[in-house]
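A colleague new to this entry asked for a short written note to read beside the sequence and the structure. The points below are meant to be taken in order.

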Amino acid sequence: MIISTNTTGMEANRTIIADKEARDHCLVVVKGTFDTDPHGHMKLAREQAPLVYADDHYGDPETSSIRYGSDFPLYKPYAEVSVVGFAVPPNGQKATRLGVRLEVEGKAKDISVVGDRRWARTGMGFVASDPVPFREMPLTYERAFGGTDDTKGKMNVAVEHRNLAGVGFNPHRPRSAVDGLPLPNLEHPKDPLTSVRDRVEPVGLGVLGRHWKQRVGFAGTYDQKWLDEICPFLPADFDSRYCMGTAQDQWFPFFKGGELIRCVHMAIEPVVQYRLPTISMPIRFVFVDRTINKQAVLDTVVVEPHAHRALLTWRASVPIGKKLNRFFKILVGEQPRPKQDACIGWRNGKPHFRGLAATLDWLRKGRRR
């Protein structure tokens with residue numbers, strides 16, 4: 001079982017993966033890297049980014065957020081868009097505050113980006129210091145509200161389960177220890193952090209950790225019954241929304257092509273835009289005794305505005321039986337039609353044809369037996 005043909009010019013691979021009913025599926029993933037121009041026209045890049053087989057983190061996988069999620073979930077119930085990049089004031093200037101926006105088909109997500117600040121102690125309590133001007137600010141969850149507070153010891157660590165990689169979470173830290181600690185750089189425009197004890201909503205445009213609250217609730221129940229009766233397969237209450245890597249306001253209907261994505265203040269240019277290409281992505285699964293034709297779904301878009309590129313991922317799968325030797329090959333992309341002779345046979349010394357057009361074509365070429 002191999003991908004014997006790939007005509008797309010993109011990266012493609014397959015794997016065998018079980019669903020929550022323990023049925024095996026053959027999953028094919030196709031990933032294309034595209035460049036975009038100022039008008040949003042996208043073309044296939046000369047250099048194609050590799051497929052991601054396990055979550056790629058910004059740093060230590062135990063403590064940092066995810067840069068690129070794995071390309072190999074079996075199924076995503078929606079399409080999603082994530083951003084790998086920076087907040088960038090226009091024209092190379094510096095800024096202390098900047099609004100960034102991700103807009104997909106008119107649906108917008110806004111984030112307020114603030115320069116580095118720290119809590120400063122005053123006679124009236126704690127206030128945020130003036131923000132430091134910046135030319136670039138990473139749009140990562142490390143810069144959003146979250147993190148941990150180990151004031152009460154390693155056995156009693158307080159955790160902001162919505163963003164374990166973030167900053168500004170101080171539920172138990174004594175006020176004497178808060179002085180000089182950093183505040184988040186990424187905030188909801190209508191819900192900024194105003195107190196050292198605040199617990200605001202973490203905001204970001206990237207991929208959420210698999211064990212963070214927004215995702216782990218979809219993972220299902222892993223109790224003693226699961227250990228005794230179901231392990232190593234998925235629990236019955238597993239929800240495929242677990243495979244969605246982004247916040248729910250970055251989920252959309254499956255992309256068909258032609259959708260417009262706009263990224264505001266994420267590059268030297270004030271706006272970088274992408275008009276998703278309309279690409280047919282047929283996948284042909286060839287078994288010994290049958291062929292199944294699928295149209296892969298475009299369900300994942302990662303934009304990198306500072307680089308004027310995007311990563312687009314299609315997936316398709318089919319259930320397979322236990323006899324893998326009956327699975328022959330996989331054909332990815334549009335396949336050339338096999339050449340067929342107009343004459344399909346002879347009877348009683350006379351040629352037979354597929355139709356009138358084939359007969360006329362044969363006669364024009366002067367073909368004779």
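The numbered points that follow go through the sheet, the cores, one well-covered strand, the salt bridges and the surface.

1. Before anything else, please keep in mind that this is a predicted model, and that every value quoted in this note was computed from it.

2. A good place to start is the open sheet of five strands, whose order is 18-10-9-20-21 and whose pairing is antiparallel. The edges of this sheet are formed by strand 18 and by strand 21 (271-275), each of which pairs on one side only. Within the sheet, strand 9 (residues 97-104) and strand 20 (residues 260-264) are held in antiparallel pairing over four bridges, and the bridge partner of Val 104 in strand 20 is Ile 261. As background, the strands of a sheet pair through backbone hydrogen bonds, and they may do so in a parallel or an antiparallel way.

3. Ile 261 also leads from the sheet to the interior, for in the largest nonpolar core, which has 53 residues, Ile 261 and Ile 283 are those with the most contacts inside it. The element that gives the most to this core is strand 25 (residues 309-319), with five residues. Another core, of ten residues, lies apart from the largest one, and among its members are Phe 126, Ala 158, Leu 183 and Val 200.

4. Which residues does Ile 283 touch, leaving aside those up to four places away in sequence? They are Val 28, Val 30, Ile 292, Asn 293, Lys 294, Ala 296, Ala 316, Ile 330, Leu 331 and Val 332.

5. Strand 22 (residues 282-287) deserves a paragraph of its own, since a reader following the chain will find it mostly covered, with five of its six residues buried. Strand 22 pairs with strand 23 (residues 291-295) in the antiparallel sense over five bridges, and these two strands form a hairpin with three residues between them. In that pairing, Val 286 has Thr 291 of strand 23 as its bridge partner. Strand 22 is also joined by five bridges to strand 26 (residues 327-332), again running antiparallel, and here Phe 285 has Ile 330 of strand 26 as its bridge partner.

6. Turning to charged side chains, the structure holds 20 salt bridges. One of them joins the side chains of Asp 55 and Arg 210, with an N to O distance of 2.6 Å. Why does this pair matter to the reading of the fold, as a tie between parts that are 155 residues apart in sequence? Asp 55 lies in the loop between strand 4 (42-44) and strand 5 (56-57), whereas Arg 210 lies in the loop between strand 18 (186-187) and helix 2 (213-216), so the pair ties together those separated parts. Arg 210 itself counts as partly exposed, because its relative accessibility is 31%.

7. A second salt bridge is formed by Glu 201 and Arg 162, whose closest N and O atoms are 3.1 Å apart. This pair too links distant parts of the chain, 39 residues apart, with Glu 201 in the loop between strand 18 and helix 2 and Arg 162 in the loop between strand 16 (158-159) and strand 17 (167-168). Are the two partners buried or partly exposed? Glu 201, at 40% relative accessibility, counts as partly exposed, whereas Arg 162, at 17%, counts as buried, because the limit for buried is under 20% relative accessible area.

8. Asp 239 and Arg 241 form a further salt bridge, with their closest N and O atoms 2.7 Å apart. Asp 239 is partly exposed, with a relative accessible area of 22%, and Arg 241 is partly exposed as well, at 31%. Elsewhere, salt bridges that share partners join Arg 101, Glu 103, Asp 110 and Arg 262 into one network.

9. On the surface, Leu 356, Leu 360 and Leu 363 form a nonpolar patch, with about 300 Å² of accessible area together. Leu 360 lies in helix 4 (residues 356-364) and, at 41% relative accessibility, counts as partly exposed.

10. Finally, Phe 145, found in strand 14 (residues 145-146), counts as buried at 1% relative accessibility. The C-alpha atoms of Phe 145 and Arg 199 are separated by 8.0 Å, although these residues are 54 residues apart along the chain.

Notes:
Residues numbered from 1 in each chain as written. Predicted model: local features only at pLDDT ≥ 70, side-chain atom pairs only at ≥ 80, totals over all residues. Heavy atoms only, no water. Salt bridge = Lys/Arg side-chain N within 4 Å of Asp/Glu carboxyl O. Buried < 20%, exposed > 50% of the residue type's maximum accessible area, 1.4 Å probe, protein only. Patch = residues over 30% accessible without salt bridge, like charges linked within 9 Å, V, L, I, M, F, W, Y side chains within 5 Å. Areas by Shrake-Rupley, 256 points an atom, 1.4 Å probe, with all protein chains shown as cover. Pairing = 2+ DSSP bridges. Core = buried A, V, L, I, M, F, W, Y, C linked by side-chain atoms within 4.5 Å. Contact = heavy atoms within 4.5 Å.
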